[in-house]
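Let's walk through this structure together, starting with a helix and ending with a sheet. Please have the model open as you read.

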Amino acid sequence: MAHIQQLDSHVADLIAAGEVVERPASVVKELVENAIDAGSTAVVVEIRRGGMGLIRVTDNGCGIAPAELPTAFLRHATSKLRTEADLGKIGTLGFRGEALAAISAVSRVDILTRQPGTAEGASLHLEGGVPGAVEAAGAPEGTTITVRDLFYNTPARLKFMRKDSAETAAVNGLMQHLALSHPDISFKFIKDGAEALLTPGDGKLESAVYAALGRDSARGLVPVSGSGGDIAVSGFVTAPLMGRGSRSMQVFFVNGRFIKSQLLTAALEEGYRNQIMKGKFPGCVLSVTLPVTAVDVNVHPAKTQVKFAREHDVFDAVYHTVLDALDRTGAPSASAPAKEPPLAAASRQDFFQTMDAKTFRQGGAKPASQPAAPVRPAWNTELRASARVADSGRTSFYQTKRAEPAAQSALGRAPSSVTAPPERQQTPPAPAYRSALGRPPVSVAAPAAERRREESPAPAPAEKAAAPESAPRPFVPAIPPEQLKLTEDLPGQTALETKEPPWRIAGEVLRTYIVCESADGCVWLIDKHAAHERINFDKLKNAQEPPMRQTLLAPIAAELSREDGALLLENLPLLEQFGFACEDFGGGALLVREVPADIDAADTVSTLEEFAECLRTGRSPDEKREALLHTMACKAAIKGGWVSDPAELRVLVDRVQSGEVKYCPHGRPVAVKLTKYELEKMFHRA
């Protein structure tokens with residue numbers, strides 16, 4: 001057995017650095033939080049090559065005394081804790097005294113600082129955690145820390161870094177969160193020489209949301225504000241109609257600290273219960289304020305998770321605040337300002353509110369005692385009259401027109417053009433539907449005189465005989481029966497015998513489940529969406545060629561979060577394999593020019609959001625590919641609630657009954673079997 005010995009201080013520093021510094025975004029987080037704690041009103045962050053080449057953070061805070069510069073880079077050196085009692089009431093973002101020591105241990109650091117009211121500043125250079133000499137230098141008020149060559153002395157950590165675009169997106173997302181958590185501070189983020197983010201720092205959260213998340217995201221937000229006891233909740237949530245395909249737009253702050261909390265996520269989504277579409281998630285920028293003694297922020301090395309002393313009270317505060325805001329605002333008008341209703345909608349609303357059954361039977365004329373409704377198009381009355389003619393089986397307009405030869409004018413025009421009332425000249429023609437008996441359609445534009453004649457009592461048998469032309473024409477088949485018989489007797493012509501399937505479709509319930517009866521006396525309930533999803537998944541998985549594409553007439557600008565956009569841009573070749581042709585549109589947005597043929601163009605943004613979630617959670621390339629296939633199959637499948645053609649239902653039932661389809665790609669059962677004995681037992685017949 002090896003002997004126990006104390007680790008070298010440098011190795012211990014590298015191990016400690018691994019807990020605090022995971023990637024360039026971790027360095028930016030620690031340095032910016034220190035700048036916020038220093039009382040800064042403006043913070044500038046600049047990175048190059050995703051932060052692997054350069055990270056520079058400049059603030060206008062209180063600065064550091066020259067004599068304290070070497071101490072600031074020692075482990076567990078901090079200005080924010082003094083006694084043991086301070087651990088129970090932490091109100092600052094940084095407090096553990098590990099950030100600067102961990103960063104300097106794995107990089108080359110330069111610091112330049114000057115306190116307000118002093119004549120000159122000081123500078124210090126560190127390499128691998130080893131400090132140099134403190135030198136006097138000219139500097140503005142505040143502190144500037146420059147980090148170069150991150151992980152240059154830890155190759156094991158360096159090889160796990162992702163592409164520069166992914167690291168840049170991580171820093172960009174972090175800067176968004178920091179800007180939203182402190183709208184009173186002006187943040188500027190520069191990546192590779194280009195400005196990517198700038199907030200005004202005017203103290204208004206809506207200004208920070210507009211600058212960090214964009215105009216479209218800020219427009220669809222609903223303000224929330226509420227409190228319960230010593231817990232206050234404020235911020236914005238998205239309208240129910242603006243749900244997203246993932247939880248990437250849910251941002252929570254506790255006492256100004258960005259955190260990830262399943263408790264707050266559950267409280268938020270509980271407030272949207274029965275108000276948001278299934279499979280969609282609300283977005284938010286919520287700030288929870290509570291006493292510092294009621295929350296423990298020292299439960300995670302990165303300080304992104306906290307523990308509440310009264311979890312139930314925090315849950316109720318968030319839930320009721322969100323629910324009250326949604327009830328007060330209303331789902332339909334949350335995403336956009338109310339518009340004036342069109343004339344047709346206004347007249348229809350008045351029609352349903354004021355018209356009684358007697359008035360409706362009289363043709364839509366309103367009683368004199370009621371105010372006159374807006375004028376409706378004349379085709380409403382025409383349709384009702386023609387519908388009554390069709391329902392009663394009376395002779396159609398085209399057949400009775402020939403019984404009035406005297407009505408033709410000297411120019412030989414049809415009677416309809418002479419005797420039609422003025423309002424009929426603007427009446428749109430009705431669609432020419434053919435009935436099952438082959439009769440011509442009933443004309444919507446029948447003259448008023450003709451309608452009065454048709455509503456008169458039926459003529460006597462003698463009158464019918466006198467006008468044989470008004471009788472319905474018999475249906476004449478396209479191929480005479482004798483010719484069909486000759487065709488059947490032709491040599492070499494063999495009719496294929498269709499075998500009846502050993503099952504029968506009894507119907508469909510809730511427009512989701514197919515009811516099928518098998519030959520062995522069992523009843524099957526089949527989920528048509530799950531069955532079709534499995535068929536699509538197997539087809540996509542076994543396909544040797546990429547799916548067919550459809551080129552969009554107008555490209556779609558998919559507004560995604562910056563992290564999701566960078567993640568998809570990093571996997572553009574994989575998206576190409578699934579039929580998406582995308583390119584960078586700036587600001588985290590993607591310009592989509594082609595989509596798979598099986599996917600509706602309206603589902604493009606939600607599909608890409610789910611793709612980003614799959615790429616974020618998948619471990620191996622095979623797992624990521626299967627997750628993307630699941631999303632593709634689900635989006636292309638028929639949905640529950642859709643009206644399906646009987647032929648589609650027969651194909652789905654045939655695949656299920658043959659045993660080809662048993663489970664959906666997510667593992668849910670496709671069909672449920674009820675035997676005759678189980679049914680009789682339910683009704684106490686067995």
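A residue counts as buried here when its relative accessible area is under 20%, and as exposed when that area is over 50%. Keep in mind that this is a predicted model.

With that in hand, turn to helix α10, which covers residues 311-329. Its 19 residues, at 1.5 Å a residue, should span 27 Å, and the end C-alpha atoms are indeed 27 Å apart, so expectation and model agree. Which residues of α10 are buried? They are Val314, Ala317, Val318, Thr321, Val322, Ala325 and Leu326. Viewed down the helix axis, the buried residues of α10 fall within an arc of 145°, and therefore they line one face. The spacing makes sense, because in an α-helix with 3.6 residues a turn, residues three or four places apart point the same way.

What does that buried side pack against? The buried residues of α10 meet the strands β10 (221-228), β11 (231-238), β14 (284-289) and β16 (307-308), along with helix α9 (262-271). On the face turned away from the buried side, α10 carries the exposed residues His312, Asp327 and Arg328.

Now move along the chain to an open sheet of 3 strands, ordered β20-β22-β21 with antiparallel pairing. β20 (549-558) and β21 (581-586) are the edge strands, each pairing on one side only. From one strand to the next, the twist averages 15°. Between β21 and β22 (residues 589-596), the antiparallel pairing runs over 5 bridges, and Ala581 stands opposite Glu594 in β22. Finally, helix α22 (residues 604-617) packs on this sheet, where it touches β20 and β22, and its direction makes about 80° with that of β20.

Definitions and conventions:
Residues numbered from 1 in each chain as written. Predicted model: local features only at pLDDT ≥ 70, side-chain atom pairs only at ≥ 80, totals over all residues. Heavy atoms only, no water. Helix = DSSP H or I, 4+ residues; strand = E, 2+ residues; numbered from the N terminus. Expected span 1.5 Å × (residues − 1). Buried < 20%, exposed > 50% of the residue type's maximum accessible area, 1.4 Å probe, protein only. Arc of directions from axis to C-beta. Contact = heavy atoms within 4.5 Å. Pairing = 2+ DSSP bridges. Axes fitted to C-alpha atoms, helices over the stretch in contact; angles between N-to-C directions.
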